[in-house]
Amino acid sequence: MTVFKRAAADGHCRAGAGPRNLLLGLAALLLSGCAPDHVVRSASEVHAGSAASSGSAAPAANAARAGKAAVTEPATDPGNSLRQAFAPYFLLGTALSAQQIAGQERGTLPLVQQHFNSLTAENVMKWQLLQPVEGQFDFSAADALLALAEQQDSVLIGHTLLWHEQTPAWVFQGPDGGPASRELLLARLTSHIQTVMGRYRGKIKGWDVVNEALNEDGSLRDTPWRRILGDDFYLTAFALAQQADPAAELYYNDFNLFKPAKRQGAVRLVRQLQAAGIKVAGIGMQGHYGLDFPALQEVEDSIRAFAATGAQVMITELDITVLPNPEQAQIGADVSQKLALQARLNPYTTGLPANVSQALTERYHALFRLFLQYEASISRVTLWGVHDGQSWRNGFPMQGRTDYALLFDRDLTPKPAVTALLQLAAESGGERRE
Ligand code: XIL
């Protein structure tokens, strides 16, 4: 039996194969009226992809799902495009730097087109870049990214409207240099959201409306937004966003959402938004992970908790650091952390040892296997960058390290993880199409 999920992106009904999702998927299918003539197929047909040509593939797929080595041939040709391989399940995205958007990096854009069908601006849609001076908007790079997304037949994701980082100091200042009044900050937020979302109305699929509003214990973070606008600042932002582009999807995005307390905080926040009549389309789990954290179980528990709110889950900023975590550092992605460079915490300046490279491949594989298991609840997985040379991980939480967190090498060579993910997708048996 196969299940079909109605893809928000394109309105198609798509085949999915997560066993845990079969009943839910079938119920959704019946409600949505998708492809009833394809509903009932045997498990072997589905896992084999093309039953006629590859009858022995079902055990391979099942073994792969069970975490065992597959002994038979893969179900289908794994192909050479991550975006196509994962199209039956979720969008596969990447984040582009200003240089990449401007086409100043040789070879990157064709690679992006080959592998990714969702684009996010790594920086150029943040407040600091869009409105560095009050009332003076600079849309040049954001417009270029939109043109690129259209050219590459990819969706565009907006990141981000309200954040306490990469927001110019003037936003929070009054005319006398002291803190802005509530009225003034509200007027600025309103103008920013209306101008930015208005410009891209109908062109951007969804926005990270609020980024990183929570502390690690799930309480509200102390930021100028909260201090000046009050505890309901995020309600205000979402209400303004919903008004500015009623058709855009609205997301809450944060890091370390695998932590139980922070997970609960995010669920509370989303429930409050829903109670206020806001449609929260997605919860973005920034996946700034490492080789040994978080536990897959914690990620799984959060996916389930977020899906239970009715929102889609998105893995929004996936990268996997291979470097040791400094003792003074909190794991996560608080960009305000700035530690001094220590050579002993920068062990791979001349290359990655084979065993660490292997661990990275296995980690990507394990995470994506989990994402596939929950594909009915996950609408997008976005890598936070294309290649290791670009990765912000080289500079966080200390400048000057050499990290290997992404799927492509500094010279754009696909890593073994790419092959592993293509294989994994092929073994999962969904129809490869976009
Ligand atoms: C990072 C960018 O990758 C860097 O280039 C920039 O200097 C700082 O911000 N959480 C987020 C992202 O939501 O916007 C951050 O991106 C990483 C953490």
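These are my notebook entries on a predicted model, taken element by element.

**Helix 6**

I began with helix 6, which runs over residues 108–115. I listed its buried residues and found Thr-108, Leu-109, Leu-111, Val-112 and His-115. Around the axis these residues cover an arc of only 160°, which puts them on the same side of helix 6. I noted the general rule beside this: an α-helix has 3.6 residues a turn, so residues three or four places apart point the same way.

Next I asked what covers the buried residues of helix 6. Among the helices I found helix 4 (82–86), helix 5 (98–101), helix 8 (140–151) and helix 15 (416–427). The cover also includes strand 3 (91–96) and strand 4 (118–121).

**Ala-98, in helix 5**

I looked up one residue of helix 5, Ala-98. Is Ala-98 buried or partly exposed? Its relative accessible area is 42%, so I entered Ala-98 as partly exposed. I also took a C-alpha distance here: Ala-98 and Glu-122 are 24 residues apart along the chain, and their C-alpha atoms are separated by 7.8 Å.

**Val-418, in helix 15**

Val-418 belongs to helix 15, one of the elements covering the buried residues of helix 6. I read a relative accessibility of 3% for Val-418, so this residue counts as buried. Leaving out residues up to four places away in sequence, I found Val-418 touching Leu-82, His-115, Leu-407 and Phe-408. Of these, His-115 is also on my list of buried residues in helix 6. The C-alpha atom of Val-418 is separated by 8.9 Å from that of Tyr-364, a residue 54 places away along the chain.

**The loop between strand 11 and helix 15**

I made three stops in this loop. The first was Lys-415, which sits between strand 11 and helix 15. What does the side chain of Lys-415 reach? I found the backbone oxygen of Tyr-404 at 2.9 Å. I also found a polar contact of 2.6 Å between the side chains of Lys-415 and Asp-388. Lys-415 is buried, because its relative accessible area is 7% and the cut-off for buried is under 20%. Beyond four places in sequence, Lys-415 touches Leu-360, Asp-388, Tyr-404, Ala-405, Leu-406, Leu-407, Phe-408 and Asp-409. Leu-407 and Phe-408 had already come up as contacts of Val-418.

The second stop was Thr-402, in the loop between strand 11 (378–383) and helix 15. Thr-402 has a relative accessible area of 16%, so I entered this residue as buried. Not counting residues up to four places away in sequence, Thr-402 touches Leu-323, Asn-346, Tyr-348, Thr-349, Asn-394 and Arg-410.

The third stop was Leu-412, again in the loop between strand 11 and helix 15. Leu-412 is buried, with a relative accessible area of 16%. I flagged its backbone, since phi is near 75°, a positive value in a residue other than glycine.

**Other backbone entries**

I wrote down the general expectation: most residues other than glycine have a negative phi, and most peptide bonds are trans. Asn-256 departs in phi, which is positive at about 55° although the residue is not a glycine. I placed Asn-256 in the loop between strand 7 (249–255) and helix 12 (260–275). Asn-256 is buried, with a relative accessible area of 2%.

I then noted two cis peptide bonds. One joins His-159 and Thr-160, with omega about 10°, and Thr-160 lies in strand 5 (residues 155–162). Another runs from Phe-293 to Pro-294, with omega near -10°. Pro-294 is in the loop between strand 9 (288–290) and helix 13 (296–307).

**Cavities and a pocket**

I searched the whole structure and found 3 cavities of 30 Å³ or more. The largest cavity holds about 100 Å³ of space. Its lining has 13 residues, with Phe-293, Thr-321, Asn-325, Arg-393 and Pro-397 closest to the centre. By class I recorded 7 nonpolar, 4 polar and 2 charged residues in this lining. Phe-293 is also a partner in the cis bond to Pro-294.

I turned last to the second largest pocket, with a volume of about 460 Å³. Which residues lie nearest its centre? Of 23 lining residues, they are Gln-166, Val-335, Trp-392, Gly-395 and Phe-396. By class, I recorded 9 nonpolar, 9 polar and 5 charged residues in the lining of the second largest pocket.

Key: Residues numbered from 1 in each chain as written. Predicted model: local features only at pLDDT ≥ 70, side-chain atom pairs only at ≥ 80, totals over all residues. Heavy atoms only, no water. Buried < 20%, exposed > 50% of the residue type's maximum accessible area, 1.4 Å probe, protein only. Helix = DSSP H or I, 4+ residues; strand = E, 2+ residues; numbered from the N terminus. Arc of directions from axis to C-beta. Contact = heavy atoms within 4.5 Å. 1 Å grid on protein atoms, 1.4 Å probe; cavity = no way out; pocket = protein on both sides within 12 Å on 5 of 7 lines; lining within 4 Å. Points joined across faces, edges and corners; volume = space filled by probe spheres on them. Nonpolar A, V, L, I, M, F, W, Y, C, P; charged D, E, K, R; others polar. Polar contact = N/O pair within 3.5 Å; in protein donor to acceptor, adjacent residues only side chain to side chain.
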